[in-house]
Amino acid sequence: MHLLSAQAGAIQQEGEAIDLNQRPGALVFASSADSELAMLAGAADRAGEDELRLANTLRLSNNLSVDLWLEKTVAHASLVVLRLIGGAAYFQYGVDELTALCANRNIPLALLPGDANPDPILQSRSTVHPDDWTRLHGLFIAGGPDNADTILTAFNLLSSTVPSDGGPRLAQLAPRPFARFGLWYPSTGMTDEAGLR
């Protein structure tokens, strides 16, 4: 089996193993949606957060790729969040190995669906408090840069030590409304439907 170095913009052929070669970080987030990865990269830039590691699950389609990523990056994390379009079945090996690793190392894990519908299977395999899982899922559904900043805050809260009562940690965080469409002008920025009247 050949092991290829990951290259930005390169299309991975099925069956090839690649090594993301990410250095460890406290916060690990993976998704197959480039828009989510870019949204959180922007939030990390705004906050000066250098402990966030982002991975596209499409680059982890080979089991060896998953194993290398888990060993080099995930095993050293304080929180792992994975958004899955299509549920656990579309990344079964990754989900199985990730949940086992996080359980063995006591790393908080949030497995979230990639759409607005709650997924009881993903929630049951997550180790964060169910209320925190629901709130984090809601922040992703809301979208937008303000909510991305709040997601990063949530990541840091979830990665800190567990409260003695074992209760939720994100109760004070709420999604902000984000316009689903509108017009953008260089001089004024975004104008939503209400601003067009």
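Exposed here means over 50% relative accessible area, and buried means under 20%. That is handy for the first view, and every view comes from a predicted model.

**View 1. Two asparagines with positive phi sit in loops.** N106 is in the loop that joins α3 (92-105) to β6. Its relative accessible area is 68%, over the 50% cut-off, so N106 is exposed. The phi of N106 is about 60°, positive even though the residue isn't a glycine. N21 does much the same thing in the loop between β2 (17-19) and β3, with phi near 55°. N21 is exposed too, because its relative accessible area is 56%. As background, most residues other than glycine have a negative phi.

**View 2. Helix α6 is shown with the elements that cover its buried residues.** The helix runs over residues 145-159, which makes 15 residues. From first C-alpha to last, α6 reaches 21 Å, close to the 21 Å expected at 1.5 Å a residue. Which residues of α6 are buried? They are N147, A148, T150, I151, L152, A154, F155, L158 and S159. The cover over them includes three strands, β3 (27-31), β4 (52-56) and β5 (79-84), along with helices α1 (34-47) and α5 (130-142). When you look along the helix, remember that an α-helix has 3.6 residues a turn, so residues three or four places apart point the same way.

**View 3. The second largest pocket is lined by S32, T57, L58, R83, L84, I85, G87, Y90 and F91.** How much space lies in this pocket? It's about 150 Å³. The lining splits into five nonpolar residues, three polar and one charged. F91, one of the lining residues, turns up again in the next view, where it touches V66.

**View 4. V66 is a buried residue of helix α2.** V66 counts as buried because its relative accessible area is 1%. Leaving out residues up to four places away in sequence, V66 touches L60, F91, Y93 and G94. E97 is worth a look as well: it's 31 residues from V66 along the chain, yet their C-alpha atoms are separated by 8.3 Å.

**View 5. T73 is tucked into the loop between α2 (63-72) and β5.** Is T73 buried or exposed? T73 is buried, because its relative accessible area is 1%. Its contacts, not counting residues up to four places away in sequence, are Q22, R23, P24, V28 and R53.

**View 6. G167 is a buried glycine in the loop between α6 and β7 (183-185).** The relative accessible area of G167 is 14%, so this glycine falls under the 20% cut-off for buried. V128 lies 39 residues away in sequence, and the C-alpha to C-alpha distance from G167 is 9.6 Å.

**View 7. Confidence varies from strand β1 to strand β6.** Averaged over the protein chain, pLDDT is 87, and 86% of residues reach 70 or more. Among the elements, strand β6 (residues 109-113) has the highest mean pLDDT, 98, while strand β1 (residues 3-5) has the lowest, 49. Residues 9-13 have pLDDT below 50, and this stretch has eight contacts in the model beyond near neighbours in sequence. Where pLDDT is low, the predicted coordinates shouldn't be read in detail.

Definitions and conventions: Residues numbered from 1 in each chain as written. Predicted model: local features only at pLDDT ≥ 70, side-chain atom pairs only at ≥ 80, totals over all residues. Heavy atoms only, no water. 1 Å grid on protein atoms, 1.4 Å probe; cavity = no way out; pocket = protein on both sides within 12 Å on 5 of 7 lines; lining within 4 Å. Points joined across faces, edges and corners; volume = space filled by probe spheres on them. Nonpolar A, V, L, I, M, F, W, Y, C, P; charged D, E, K, R; others polar. Helix = DSSP H or I, 4+ residues; strand = E, 2+ residues; numbered from the N terminus. Expected span 1.5 Å × (residues − 1). Buried < 20%, exposed > 50% of the residue type's maximum accessible area, 1.4 Å probe, protein only. Contact = heavy atoms within 4.5 Å. pLDDT = per-residue confidence, 0-100.
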